[in-house]
Structures are given as C-alpha cells and as structure tokens.
Amino acid sequence: MDMSGHEKTQMRLFRLILVDGPLTLYTANAKLDVPIGTIHRHIKELTSSKKIKIYRSLEKSGRKKIPYGPTLVGLVYFYRFDKTIPERLENHFLKWLE
C-alpha cells in the first residue's frame, strides 16, 4: 500500500506509543527524528480521530506531562498498514489491559 509521508509519520508515532507507551509529547520527540511541532500536530490529529487517547495527567512541579496511549480504533486502523501489529497483537492487548 502506498503511503504519504504524513501517514508514515502517524504510523511511526502510533507504533512508538503502542510499544513504548504511554508516552508524552517530549518522550516521543526524544525517540523520533521529527520536529516537536510535527509530533504535536500528529498527536492532536490522532487524538481527535480517537486513534490515541490521554491516559492520565501527571501533576508534577513545572510543566504538566500528558501521557498518550493507543485505542482500539487506532489498532484497527493501523493494523492494515503496519505488519508488526498483527504479529504482536496478543502482547499489545496484554500490555494495555494492565
């Protein structure tokens, strides 16, 4: 399937959240070679389309950190693009059910 650069970046971000999450915007920025503004835009789009969601708000001194995690809608959507999701589907469900 031919994907645009926009879709590839969203897929990489979703895979990172799925495998290493819940992740904050800044953690995702440290792990991807993408500008933070681009990551922020993709997180807003993924959140508004219900492919990821806010898991909890971490209140610490200073800046508020918001961790994001995958949703079932996101798993179904990216399942067809990313061949690693079907291979590790049971592991992903077990991790996110905890």
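Trainee: Rings of Phe, Tyr and Trp (its six-membered ring) pair if their centres lie within 6.5 Å; planes under 30 degrees apart are stacked, over 60 edge-to-face, the rest tilted. Which residues do ring pairs link into a cluster here?

Mentor: F14, Y77, F78 and F81. Bear in mind that this is a predicted model: local features need pLDDT of at least 70, side-chain atom pairs need 80 or more, and totals for chains, interfaces and linings use all residues. Residues are numbered from 1 along each chain as its sequence is written, and side-chain values use heavy atoms, without hydrogens or water.

Trainee: How many aromatic pairs in the whole structure?

Mentor: The search finds three. Take Y77 and F78: ring centres 4.9 Å apart and planes at 90°, so that pair is edge-to-face. Y77 also pairs with F81, with centres 5.4 Å apart and planes at 65°, so this pair is edge-to-face too.

Trainee: Is F78 buried or exposed?

Mentor: Buried, because its relative accessibility is 1%. The cut-offs: under 20% relative accessible area is buried, over 50% exposed, in between partly exposed (1.4 Å probe, protein chains only). F81 is buried as well, at 14%. Y77 is partly exposed, at 25%.

Trainee: New topic. What's the order of elements along the chain?

Mentor: From the N terminus, α-α-α-β-β-α-α-α. That is six helices and two strands. They are DSSP runs: helices (H or I) of at least four residues, strands (E) of at least two, numbered from the N terminus.

Trainee: And the core? Which residues touch the most other members?

Mentor: L13, F14, I39, I43, I52 and F78, in the largest nonpolar core, which has 22 residues. Such a core joins buried Ala, Val, Leu, Ile, Met, Phe, Trp, Tyr and Cys through side-chain atoms within 4.5 Å.

Trainee: Which helix gives the most to this core?

Mentor: α1, with six residues. α1 (5–20), α2 (25–31), α3 (36–48) and α4 (72–79) each supply at least two.

Trainee: What does L13 touch?

Mentor: A28, L32, I39, H42, I43 and L46, leaving out residues up to four places away in sequence. Contact means heavy atoms within 4.5 Å.

Trainee: How much of the chain is buried?

Mentor: 36% of its 98 residues. As for contacts between residues at least 6 apart in sequence, 50% join residues at least 24 apart.

Trainee: Back to α4. Is L72 buried or exposed?

Mentor: Exposed, because its relative accessibility is 56%. L72 is in helix α4.
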